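Colleague: I would like to learn how to read a model of this kind, feature by feature. Where should we begin?

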Protein chains: 2
Amino acid sequence: MPTLRDVANKAGVSRSTASNVFAHPEIVRAEVRERVAEAALALGYLGPDPKAKLLRHGKVNAIGIVPPGEWGVSDSLRNPVYHQFLLGVAETCDELGASLVIIPDRNGNGGVRTALVDGFIFGRIEHLHETEPARLRRLPYVVMDVDAGPDVSSVRVDSRAGGYLAARHLIELGHRRFGIMSFLRGFGPTRYHPPGVPRGPEAAGMATDQEKLLGYAEALAEAGLDIADVPIVQAQPWDGDAAAMMLDVAPDATAILSMGVMQGIAMLDEARRREISVPRDLSVVGFNEIPEAAKSTPALTTVDGKAAEKGRIAARIIFEPGPVRRELLPPRLIMRASTAQPRR
Amino acid sequence: MPTLRDVANKAGVSRSTASNVFAHPEIVRAEVRERVAEAALALGYLGPDPKAKLLRHGKVNAIGIVPPGEWGVSDSLRNPVYHQFLLGVAETCDELGASLVIIPDRNGNGGVRTALVDGFIFGRIEHLHETEPARLRRLPYVVMDVDAGPDVSSVRVDSRAGGYLAARHLIELGHRRFGIMSFLRGFGPTRYHPPGVPRGPEAAGMATDQEKLLGYAEALAEAGLDIADVPIVQAQPWDGDAAAMMLDVAPDATAILSMGVMQGIAMLDEARRREISVPRDLSVVGFNEIPEAAKSTPALTTVDGKAAEKGRIAARIIFEPGPVRRELLPPRLIMRASTAQPRR
DNA sequence: AGAAAATATTGGATCGATCCAATTAATCCC
DNA sequence: GGGATTAATTGGATCGATCCAATATTTTCT
């Protein structure tokens, strides 16, 4: 495999000159430049080895994505909301001609310690120490969906405001009897929180979900309702049976507040199965926007969690060095066909 | 930023010993090992710099995906069939703990020349020379969807067999009047190929699409039909208007053979719009399998192009060095609700 | 205790390219 | 044509770690 030294020898110049032909062609005489180029061609030399170049001044031109928690690479591509987020990152990559690297780092197995990238975007982390390797490597990094204090850049959406938007929308339509579908933190069986018990953070999954709950509570309180009286079903985001459970435990609810989109869509499916007409007999609001939400029947009203925009911003933070940035994006309610006034 | 040399100094040992503590801990005395580990901890040294390590013996533990043609990173995430393929690659990455790198290399701008990966998977290429940088770098690579001769590994599905399967299915159901929706190669306006003119390769897009056409022709010929008599609409995969054109130019067709899934789904939508009942008045067969195909109404009968499996195999070829492998996977017909006997 | 064997540690060279200061060659001007 | 400028080229040091052969240390055994 030819090296720069071989090219230099063949062309009868020094390594430095050969190097200059590739790195600073303008400072080398045209005649010499051509001689070196010919030698390179003859030897099948492709240009400076990126590996060696890297060692000298470490720009890789790639951005590393660390999927949340126990997820592998394929999980992150499969999850529709995360997929939207990746699309946002990808757009910025395309603008900058950078590569997108998805790094599996389950149980901190060293992916972050050894990945060849210019910076990291940590998908929703559970403990800040997951980012330690990035900090120690002095590489820029951003954490998603949580505020990690004043020293760490973060990008998230105001989930509390999002929850508020969703619940207020239903209240304005006239709903008074709700059901809430929240997330479990990690694995575990679906849980039912009956009405009448105060709601602590354990009734929702990650920090961002707990904020949604606070938002719901706020809007309910404005209408004189107590969230403690609202039944909550807490399940995995992809658990299809959870929708059935929700309808079983809250048969008189006229509206369902769901913390996920897929959960919301699953609720629409379950309602159809039971011949409950949405939105006539039941209104459903999801959380996060994905193309499937617009295509479901009926189209799902949902809070846009701005996944793609979060991705774009996070990527830009990595590539534009600067002070710590803590972005809090406002959510947006997308009103579609799954919500309406409750039936008399 | 501490280096291995700093750690060695602080611990009072040589660089080599310090290096051994990380690379071959078993050959260094326990006492010394601990002293070095402490020094490392004290300095915040995280372990050998991956960049330097790389230079010495270049394993990166990452696999590079080069999206087809003019696509950027985001296009490749957005395209649903390519997304399935990426999922397959990702699964193998997870098995091996490797990273997945999506490399934008539009108009050969050097992405492949400089990417830090262990090998490349080229999404459908147009000319073999797109792979030259990979060959010159002596990195393993695979091309998808085309046979690139005996010296280059390739993974593809037998498109001709797939086309045959689709067309024969419709013929066995009793259909005799067809319409074909094919792809344009590159950009350009939707094209209509009226019946009665011989069909050359220009009636379909890439090589793989031309093979589908041959498969259709073969099955039709067995039923005594000439593909030259079948109207063809050639459009972009995502062109919604193409379905309308197809129905306009072939109002008496009882079955549509579509070279793409999204095209097939678009056809279902257009039929619904025109109140043509599928499959009662019109049968539709797509090509390639994605989750959306099962969820459309009616669920789309389609040929499984094994995108995910192609991805798994391609990734394995990269990581298991060996002789050139040329994989040709058999397609499979997934019968769903969009095909039925034609109405009397 | 002393020689032999086994085990630990070390300095130097290397991976492939880039940068810098110093040297050499080319150009300018009177 | 010769001295002063300017431009082009070069060797050596460097990036951070790893490998190898050589040396130093410890352990084993008689």
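**Reading the two copies**

Modeller: A turn of 180° and a shift of 0.0 Å along the axis lay chain B on chain A with an RMSD of 0.1 Å. The two copies are therefore related as by a two-fold rotation axis. Keep in mind that this is a predicted model.

Colleague: Which C-alpha of chain B is nearest the axis?

Modeller: In general, two copies of a chain are related by a rotation about an axis and a shift along it. In chain B, the C-alpha nearest the axis belongs to Val101(B), 2.1 Å from it. The same surface serves both copies, since 100% of the contact residues of chain B recur in chain A.

Colleague: How many residues does each chain put into the contact?

Modeller: The size of an interface is often given as the accessible area lost when the parts come together. Here we have residue counts: 41 residues from chain B and 41 residues from chain A. On the side of chain B that touches chain A, H4 (50–56), H5 (73–78), H6 (80–96), S2 (99–102), H7 (111–114) and H8 (132–136) of chain B each supply at least two residues. H6(B) gives the most, with 7 residues. By class, this side of chain B has 23 nonpolar, 11 polar and 7 charged residues.

Colleague: In what sense do S2 of chain A and S2(B) pair, parallel or antiparallel?

Modeller: Strands of a sheet pair through backbone hydrogen bonds, either parallel or antiparallel. S2 of chain A (residues 99–102) and S2(B) pair in the antiparallel sense, over 3 bridges. Within this pairing, Leu100(A) stands opposite Ile102(B).

Colleague: Next, the nucleic acid. Which residues are closest to DNA strand C?

Modeller: Thr3(A), Leu4(A), Asp49(A), Ser16(B) and Thr17(B) are the closest of the 26 residues that surround DNA strand C. The elements that each supply at least two residues of the surface near this strand are H1 (4–11), H2 (15–23) and H4 (50–56) of chain A, together with H2 (15–23) and H4 of chain B. H2(A) has the largest share, 5 residues. The surface divides into 11 nonpolar, 8 polar and 7 charged residues.

Colleague: What is the strand order of the open sheet in chain B?

Modeller: The sheet has 7 strands in the order S7-S8-S6-S9-S10-S11-S13 (chain B), with mixed pairing. S7 (191–193) and S13 (332–334) of chain B stand at the edges with a single partner strand each, so one side of each has no neighbour in the sheet. On average, neighbouring strands are turned by 20° against each other, direction ignored. As one example of a pair, S9 (residues 255–258) and S10 (residues 283–287) of chain B are parallel over 3 bridges. There, Leu257(B) has Val285(B) in S10(B) as its bridge partner.

Colleague: Which strands does H11(B) touch?

Modeller: H11(B) packs on the sheet and touches S6 (178–183), S7, S8 (232–235) and S9 of chain B, its direction making about 165° with that of S8(B). H12(B) lies across S6, S9, S10 and S11 (301–304) of chain B, at about 155° to S10(B).

Colleague: At what angle do H11 and H12 of chain B pack?

Modeller: H11 (residues 241–249) and H12 (residues 261–273) of chain B pack at about 65°, with their axes 8 Å apart. Their crossing is right-handed. Ala242(B), Ala243(B), Ala244(B) and Leu247(B) of H11(B) make the contact with Gln263(B), Ala266(B), Met267(B) and Glu270(B) of H12(B).

Key
Residues numbered from 1 in each chain as written. Chains lettered and ligands numbered in written order. Predicted model: local features only at pLDDT ≥ 70, side-chain atom pairs only at ≥ 80, totals over all residues. Contact = placed C-beta atoms within 7 Å. Helix = DSSP H or I, 4+ residues; strand = E, 2+ residues; numbered from the N terminus. Nonpolar A, V, L, I, M, F, W, Y, C, P; charged D, E, K, R; others polar. Pairing = 2+ DSSP bridges. Near = placed C-beta within 6 Å. Axes fitted to C-alpha atoms, helices over the stretch in contact; angles between N-to-C directions. Left-handed = near helix turned anticlockwise from the far one by under 90°. Least-squares fit on C-alpha atoms with pLDDT ≥ 70 in both.
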